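Visitor: I am new to reading protein models. Could you walk me through this one, a feature at a time?

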Amino acid sequence: MRAALALMFVVLASLMLAQPHRAAPAAQEQALPKIAPAPEFALISQDGAPVKLADYRGKVVAVTFIFTLCADTCPVLTPMMSFVQDQLGADFGEKVHFVSITVDPERDTPEVLKEYAQAFGANLSGWAFLTGTPDAIRDVTLRYGIFAAKTANGSIDHTFLTSIIDQRGILRVQYLGVRFDPEEFRRDLVSLLK
């Protein structure tokens, strides 16, 4: 019974942390909360280069999890982020970076990720698509609170969580799902530049 209560508490706490950020118009002036230090990672980019979260210190970073063979939600999230990328103008790449981490490292090689990025109009000067060993990907997904599991048909069920990390490496906002407001997402990114 005690274990069941503890598990329920952990699940509820995780859900509360992962609630989509919804700023009321009057609250837009308030600073975004500081959740915790963002989990580090060391992975490989679409160009085959090593990439660590620490490489982005001094920049605002949005981290999300995708896979290239996804047929339903990833093709919604990636174009939405591409739209926001374009709305950020000169700040994108200079002050704001996006990172998309695959949950399917066996199939999503750097070459495959590069083709995927290009197909969605990702500006690779400010957007990295990352892969790694299965163990490295499993580690980063666990530390970001992402569930990922292969299904019987070879697809992957996974949590759609987008995290915004400030210039000091602090996790500030997490959006659960793919249907969050792109303008709110852009505003949250820009608010951390001030």
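Guide: Let us start with one term. A polar contact is a pair of N or O atoms within 3.5 Å. Keep in mind that this model is predicted.

Visitor: Which atoms come within 3.1 Å at the start of H5?

Guide: One is a side-chain oxygen of Asp-181, and the other is the backbone nitrogen of Glu-183. Helix H5 itself covers residues 182-191. Its buried residues are Glu-184, Phe-185, Arg-186, Asp-188 and Leu-189.

Visitor: Now the overall picture. How many helices and strands does the chain have?

Guide: It has 5 helices and 10 strands. The chain holds 194 residues, and 44% of them are buried. Look at contacts between residues at least 6 apart in sequence: 73% of these join residues at least 24 apart.

Visitor: How do I read a sheet? In what order do its strands stand?

Guide: Read across the strands, from edge to edge. Here 6 strands form an open sheet in the order E1-E10-E9-E4-E5-E6, with mixed pairing.

Visitor: Why is one side of E1 and of E6 left without a neighbour in the sheet?

Guide: Strand E1 (36-37) and E6 stand at the edges with a single partner strand each, so each has one side without a neighbour in the sheet.

Visitor: Let us take one strand inside that order. How many residues of E9 are buried?

Guide: E9 is mostly covered, with 5 of its 5 residues buried. Check both faces. Leu-161, Ser-163 and Ile-165 are buried on one side. Thr-162 and Ile-164 are buried on the other.

Visitor: And how does E9 pair with E4 and E10?

Guide: E4 and E9 run antiparallel, joined by 3 bridges. In that pairing, Val-61 stands opposite Ile-165. E9 and E10 also pair in the antiparallel sense, over 5 bridges. Thr-162 has Tyr-175 as its bridge partner in E10. Leu-161 stands opposite Leu-176 in E10.

Visitor: What lies between E9 and E10?

Guide: The two strands form a hairpin with 4 residues between them. Look for Gly-169 in the turn, where phi is positive, about 85°.

Visitor: How do I read a helix that packs on a sheet? Which strands does H4 touch?

Guide: Find what the helix touches, then compare directions. H4 packs on the sheet and touches E4, E5, E9 and E10. Its direction makes about 115° with that of E4.

Visitor: Which residues of H4 are buried?

Guide: H4 runs over residues 134-144, and Ile-137, Val-140, Thr-141 and Tyr-144 are its buried residues. Seen down the axis of H4, these fall within an arc of 100°, so they line one face of the helix. On the other side, Asp-135 and Leu-142 are exposed. The cover over the buried residues includes strand E2 (42-44), along with E4, E5, E9 and E10. Just after H4 comes Gly-145, with a positive phi of about 80°.

Visitor: What is the general idea behind a nonpolar core?

Guide: In soluble globular proteins, nonpolar side chains tend to be buried together.

Visitor: How many residues does the largest nonpolar core have here?

Guide: It has 25 residues. Those with the most contacts inside it are Met-81, Phe-98, Phe-129, Ile-164, Phe-185 and Leu-189. Several elements supply at least two residues each, including E4, helix H3 (110-119), E10 and H5. H2 gives the most, with 4 residues. Apart from this core lies another, of 24 residues, among them Phe-65, Ile-101, Leu-130 and Leu-161.

Visitor: What does Leu-189 touch?

Guide: Leave out residues up to four places away in sequence. Leu-189 then touches Val-60, Ala-62, Val-84, Leu-88, Val-96, Phe-98 and Ile-164.

Visitor: How do I judge a single residue? Is Ser-82 buried or exposed?

Guide: Use the cut-off: buried means under 20% relative accessible area. Ser-82 is at 8%, so Ser-82 counts as buried. This residue is found in helix H2. Beyond its neighbours within four places in sequence, Ser-82 is in contact with Phe-120, Gly-121 and Trp-127.

Visitor: One more. Where is Pro-39?

Guide: Pro-39 is in the loop between E1 and E2. At 15% relative accessibility, Pro-39 counts as buried too. Pro-39 touches Leu-53, Arg-143 and Tyr-144, leaving out residues up to four places away in sequence. Pro-39 and Leu-142 are 103 residues apart along the chain, yet their C-alpha atoms are separated by 9.7 Å.

Conventions: Residues are numbered from 1 along each chain as its sequence is written. This is a predicted model: local features need pLDDT of at least 70, side-chain atom pairs count only at pLDDT 80 or more; totals for chains, interfaces and linings use all residues. Side-chain values use heavy atoms; hydrogens and water are left out. Buried means under 20% relative accessible area, exposed over 50%, partly exposed in between (1.4 Å probe, protein chains only). The arc is that of the directions from the helix axis to the C-beta atoms. Contact means heavy atoms within 4.5 Å. Two strands pair if DSSP finds at least two bridges between them. A polar contact is a pair of N or O atoms within 3.5 Å; within protein, one must be able to donate a hydrogen and the other to accept it, and residues adjacent in sequence count only if both atoms are side-chain atoms. A nonpolar core is a set of buried Ala, Val, Leu, Ile, Met, Phe, Trp, Tyr and Cys residues joined through side-chain atoms within 4.5 Å. Axes are lines fitted to C-alpha atoms, for helices over the stretch in contact, and angles run from 0 to 180 degrees between N-to-C directions.
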